[in-house]
Amino acid sequence: MEAENLRLKQQIASLTAKIKELQESPFYNTDDVKKILGCADSKLSSLCKQKLIPSIKIGGTTVFPKVHFTHILVLESYKGYKGNELKGPLPDFLKFLKPPEDDSAGV
């Protein structure tokens with residue numbers, strides 16, 4: 001009984017470590033991207049071949065950088081943003097979203 005408990009504890013620890021590793025991965029797998037885009041395998045394959053979304057094959061598995069999808073979602077959420085809806089400046093990590101000020105206006 002004690003040996004079985006020890007084996008189960010080790011198996012739980014191993015599975016917990018795998019789950020944590022997967023959660024921290026900087027990549028989505030094919031199934032994740034199909035859910036995000038709401039498309040079929042053939043459409044996703046086509047998007048990859050046309051280089052419309054970034055992907056890389058690692059060990060025969062195609063993966064997609066999470067940062068790309070995060071970046072696109074952030075940009076989409078700021079469409080129409082005028083800067084006066086929220087008080088205060090944009091956080092530093094979002095400064096790239098603000099259009100550059102036109103220097104030629106003062107000349």
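Is Tyr-28 best classed as buried, partly exposed or exposed, and what relative accessibility does Tyr-28 have? In this predicted model, Tyr-28 has a relative accessibility of 22% and therefore counts as partly exposed, given that the buried class is reserved for values under 20%.

The setting of this residue is an open sheet, in which three strands are arranged in the order β1-β3-β2 with antiparallel pairing. The edges of the sheet are formed by β1, spanning 27–29, and β2, spanning 56–58, each of which pairs on one side only. On average, and with direction ignored, neighbouring strands of this sheet are turned by 45° against each other. Between β1 and β3, the latter comprising residues 61–65, the antiparallel connection consists of three bridges, and within β3 it is Phe-64 that serves as the bridge partner of Tyr-28. Helix α2, which covers residues 30–37, lies across β1 and β3 and runs at about 85° to β1.

A pair of aromatic rings is described by the distance of the centres and the angle of the planes. When the whole structure is searched, one aromatic pair is found. This pair consists of Tyr-28 and Phe-69, whose ring centres are 5.8 Å apart and whose planes stand at 70°, so the arrangement is edge-to-face. Distant parts of the chain are linked by the pair, since Tyr-28 belongs to strand β1 and Phe-69 to helix α4 (residues 66–77), with the two positions 41 residues apart in numbering. As for accessibility, Phe-69 counts as buried because its relative value is 7%, whereas Tyr-28, at 22%, counts as partly exposed.

Terms used: Residues are numbered from 1 along each chain as its sequence is written. This is a predicted model: local features need pLDDT of at least 70, side-chain atom pairs count only at pLDDT 80 or more; totals for chains, interfaces and linings use all residues. Side-chain values use heavy atoms; hydrogens and water are left out. Two strands pair if DSSP finds at least two bridges between them. Helices (H or I, at least four residues) and strands (E, at least two) are DSSP runs, numbered from the N terminus. Axes are lines fitted to C-alpha atoms, for helices over the stretch in contact, and angles run from 0 to 180 degrees between N-to-C directions. Contact means heavy atoms within 4.5 Å. Rings of Phe, Tyr and Trp (its six-membered ring) pair if their centres lie within 6.5 Å; planes under 30 degrees apart count as stacked, over 60 as edge-to-face and the rest as tilted. Buried means under 20% relative accessible area, exposed over 50%, partly exposed in between (1.4 Å probe, protein chains only).
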